[in-house]
Amino acid sequence: MATHLNSVTESVHPQSSTQSANDGLSHAWTFLKRFVAHPGQVGAIAPSSPALVSIMVDWIDWQRAESVVEYGPGTGVFTEAIVQRKRSGTSFFAIERAAELAAITRARCPGVDVCEASADQVLELLRARGQSHADAIVCGLPWASFSEALQQSIMIATHDALSPGGQFATFAYWQGVALPAGRRFARRLKSMFSSVDRSPTAWRNLPPAFVYRCLK
């Protein structure tokens, strides 16, 4: 029996590992292509690192959150972490404007509700699912690449969509903090939320990034 199990392990695990590596390379290549074609929509040259993913999602109070929304799942790295941490009864859906990335997220996280829409439609999407508010919103959008009007419309919708005491987590790349759009976004967060703080930096992310952790 031990010999049989070992042979199964040897034959299955390398293949599984190879498939996972191939999927990762494919997702990274898709991300890079979309960055080159649409830098204002993607904003990064590679998917977020495990360190940044942990900083983003581990701050959320998963015992309290009954309704969670994700903006811009991209290749699904945050989505996967949310699925692993949320309670079984927690409502969750993601909003992804790019059809190609939405398809990757659906393949990576089967069963997750991925809407091909804009994040400023979040209230409409919540109500369509019988929910009035979200307790937490995890955001992977490239804010520094957005115009002032787009930043404002999404942030107003986000604030309106969050329940009292709701949590909003979004990350920023250090090279974008000094840009006018980056500074404008930081001021907007402080004006809209009762509490805003910065996480430690995920230095191994490409590029290095930190998380804004906001409470309504």
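**Exercise 1. The pair α7 and α9**

In this predicted model, helices α7 and α9 pack at an angle of about 25°, and their axes lie 11 Å apart. Determine whether α7 is roughly parallel or oblique to α9, and state which residues meet where they pack.

*Solution.*

Step 1. Two packed helices are described by the angle between their axes and by the distance between those axes. Both values are stated in the task.

Step 2. Angles under 35 degrees count as roughly parallel. The angle of about 25° therefore makes α7 roughly parallel to α9.

Step 3. The crossing in which α7 passes α9 is right-handed.

Step 4. On the α7 side, the residues in contact are Glu148, Gln151, Gln152, Met155, Ile156 and His159. They meet Ala181, Arg184, Phe185, Arg188, Leu189 and Met192 of α9.

**Exercise 2. The sheet**

State the order of the strands in the open sheet, and explain why β3 and β6 each have one side without a neighbour.

*Solution.*

Step 1. The protein contains 9 helices and 7 strands. An open sheet of 7 strands is arranged in the order β3-β2-β1-β4-β5-β7-β6, and its pairing is mixed.

Step 2. The edge positions belong to β3 (113–115) and β6 (195–198). Each of these has a single partner strand, so one of its sides is left without a neighbour in the sheet.

Step 3. From one strand to the next, the twist averages 15°.

**Exercise 3. Parallel pairs within the sheet**

For the strands β2, β1, β4 and β5, find how many bridges join β1 to β2, β1 to β4 and β4 to β5.

*Solution.*

Step 1. β1 (residues 67–71) runs parallel to β2 (residues 91–95), and 5 bridges join them. Here Val68 has Phe92 of β2 as its bridge partner.

Step 2. β1 also pairs with β4 in the parallel sense, over 4 bridges. Tyr71 stands opposite Cys139 in β4.

Step 3. β4 and β5 run parallel and are joined by 5 bridges. The bridge partner of Ala134 is Leu162 in β5.

Step 4. As for the surroundings of β4, 6 of its 6 residues are buried, so this strand is largely enclosed by the rest of the structure.

**Exercise 4. Helices lying across the sheet**

Identify which strands α7 lies across and which strands α9 lies across.

*Solution.*

Step 1. Helix α7 (residues 148–161) lies across β1, β4 (134–139) and β5 (162–173). Its direction is at about 145° to β5.

Step 2. Helix α9 (residues 180–192) lies across β5, β6 and β7 (209–215). With respect to β7, α9 runs at about 25°.

Step 3. Comparing the two lists, β5 appears in that of α7 and also in that of α9.

**Exercise 5. Helices α3 and α4**

Classify the packing of α3 and α4 as oblique or roughly parallel, and state what covers the buried residues of α3.

*Solution.*

Step 1. The axes of α3 and α4 are 10 Å apart, and the packing angle is about 50°. The two helices are therefore oblique to each other.

Step 2. Their crossing is right-handed.

Step 3. Leu52, Val53, Ser54, Met56 and Val57 of α3 meet Val77, Phe78, Ala81, Ile82 and Arg85 of α4.

Step 4. In α3, the residues Leu52, Val53, Ile55, Met56 and Val57 are buried. Their cover includes α4 (77–85), β4, β5 and β7.

**Exercise 6. The buried face of α5**

Explain why the buried residues of α5 line one face of the helix.

*Solution.*

Step 1. In helix α5 (residues 99–108), the buried residues are Leu101, Ala102, Ile104 and Thr105.

Step 2. Viewed down the helix axis, the buried residues of α5 fall within an arc of 160°, so they line one face of the helix.

**Exercise 7. Two loop positions**

Determine whether Ser49 is buried or exposed, and state which residues a cis peptide bond joins.

*Solution.*

Step 1. Ser49 is located in the loop between α2 (39–42) and α3 (50–57).

Step 2. Buried means under 20% relative accessible area. Ser49 has a value of 12% and is therefore buried.

Step 3. Leaving aside residues up to four places away in sequence, Ser49 touches Arg204 and Asn205.

Step 4. Most peptide bonds are trans. The bond joining Leu206 and Pro207 is cis, with omega about -5°. Pro207 belongs to the loop between β6 and β7.

Methods: Residues numbered from 1 in each chain as written. Predicted model: local features only at pLDDT ≥ 70, side-chain atom pairs only at ≥ 80, totals over all residues. Heavy atoms only, no water. Pairing = 2+ DSSP bridges. Axes fitted to C-alpha atoms, helices over the stretch in contact; angles between N-to-C directions. Contact = heavy atoms within 4.5 Å. Buried < 20%, exposed > 50% of the residue type's maximum accessible area, 1.4 Å probe, protein only. Arc of directions from axis to C-beta. Parallel < 35°, antiparallel > 145°, perpendicular 65-115°, else oblique. Left-handed = near helix turned anticlockwise from the far one by under 90°.
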